[in-house]
Amino acid sequence: MRFDISQSISTPKASAEEIGLDLRIETPENVILTYQLAGPAIRLGAYMIDFGIRAVVIVIISIFLLCTGMVMPGASGGLYALVWFFMEWGYFIVAEGFFRGKTIGKHALGLRVIDDRGHPLTFWGATLRNLLRAVDVLPLYGPG
């Protein structure tokens, strides 16, 4: 008796559209909207542009605060901490919230953040998205 294992195990075959980066949303009016999602390389490019912008702003403000630190040493350290905090947390919230889901890096590469219905990101959606970004950096990326 001959037993063919390929006939006994059925593996689902993924089609190209299941693996692709297309997002299909069907509206209540039965209109299907298709969006092309960005891959990791273009997202990294947009992030690097945004990182460069934030780094340049922090360096310029650091030089200014270093010069004024001789006059007010405690105040310049506190101002630096506030600037760093805002650039790290506020940059993405303000840019994505007020500019329809686009930061400068995303705009340069033709990307934008959309919500689950395909609409541009709102201010509160951008706030929630970026405050929950802290969960992604928890050890071992467990909850993220």
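Twenty-seven residues, written 27 in the counts here, line the largest pocket, and R43, K106, V113, R129 and R133 lie nearest its centre. The model is a predicted one. The space in this largest pocket comes to about 1000 Å³.

**The pocket lining**

Several elements build the wall. At least two lining residues come from each of β2 (32–36), α3 (40–68), α4 (73–98), α6 (123–131) and α7 (133–136). Helix α3 gives the most, with 7 residues. What classes of residue make up the lining? Nonpolar residues number 15, charged residues 9 and polar residues 3.

Two of the residues nearest the pocket centre, K106 and R129, return below as salt-bridge partners.

**Salt bridges**

How many salt bridges does the count give? It comes to 3. The table sets them out.

| Pair | N to O distance |
|---|---|
| E88 and R54 | 3.3 Å |
| K106 and E96 | 2.7 Å |
| R129 and E96 | 3.1 Å |

**E88 and R54**

The side chains of E88 and R54 meet in a salt bridge at 3.3 Å, N to O. E88 sits in helix α4 and R54 in helix α3, so this pair ties together parts 34 residues apart in sequence. Are the two partners buried or exposed? E88 is partly exposed, at a relative accessible area of 33%. R54 is buried, at 4%.

**K106, E96 and R129**

K106 pairs with E96 through their side chains, with 2.7 Å from N to O. This bridge links distant parts of the chain: K106 is in helix α5 (residues 104–108), E96 is in helix α4, and they are 10 residues apart. Both K106 and E96 are buried.

E96 has another partner in R129, and there the closest N and O atoms are 3.1 Å apart. Why does this pair tie together separate parts of the chain? R129 belongs to helix α6 and E96 to helix α4, so the bridge spans parts that are 33 residues apart in sequence. R129 is partly exposed, with a relative accessible area of 36%. E96 is buried, and its relative accessible area is 0%.

Which residues do shared partners join into one network? They are E96, K106 and R129.

**Putting it together**

The network of E96, K106 and R129 includes two residues that lie nearest the centre of the largest pocket, K106 and R129. Helix α4 holds E96 and also E88. The same helix, α4, supplies at least two residues of the pocket lining.

Notes. Residues are numbered from 1 along each chain as its sequence is written. This is a predicted model: local features need pLDDT of at least 70, side-chain atom pairs count only at pLDDT 80 or more; totals for chains, interfaces and linings use all residues. Side-chain values use heavy atoms; hydrogens and water are left out. On a 1 Å grid over the protein atoms alone, a cavity is a set of points where a 1.4 Å probe fits but cannot get out, and a pocket is an open set with protein on both sides within 12 Å along at least five of seven lines; lining residues have an atom within 4 Å of a point. Grid points are joined across faces, edges and corners, and a volume is the space filled by probe spheres set on the points. Helices (H or I, at least four residues) and strands (E, at least two) are DSSP runs, numbered from the N terminus. Ala, Val, Leu, Ile, Met, Phe, Trp, Tyr, Cys and Pro count as nonpolar, Asp, Glu, Lys and Arg as charged, and the others, Gly among them, as polar. A salt bridge is a side-chain nitrogen of Lys or Arg within 4 Å of a carboxyl oxygen of Asp or Glu. Buried means under 20% relative accessible area, exposed over 50%, partly exposed in between (1.4 Å probe, protein chains only).
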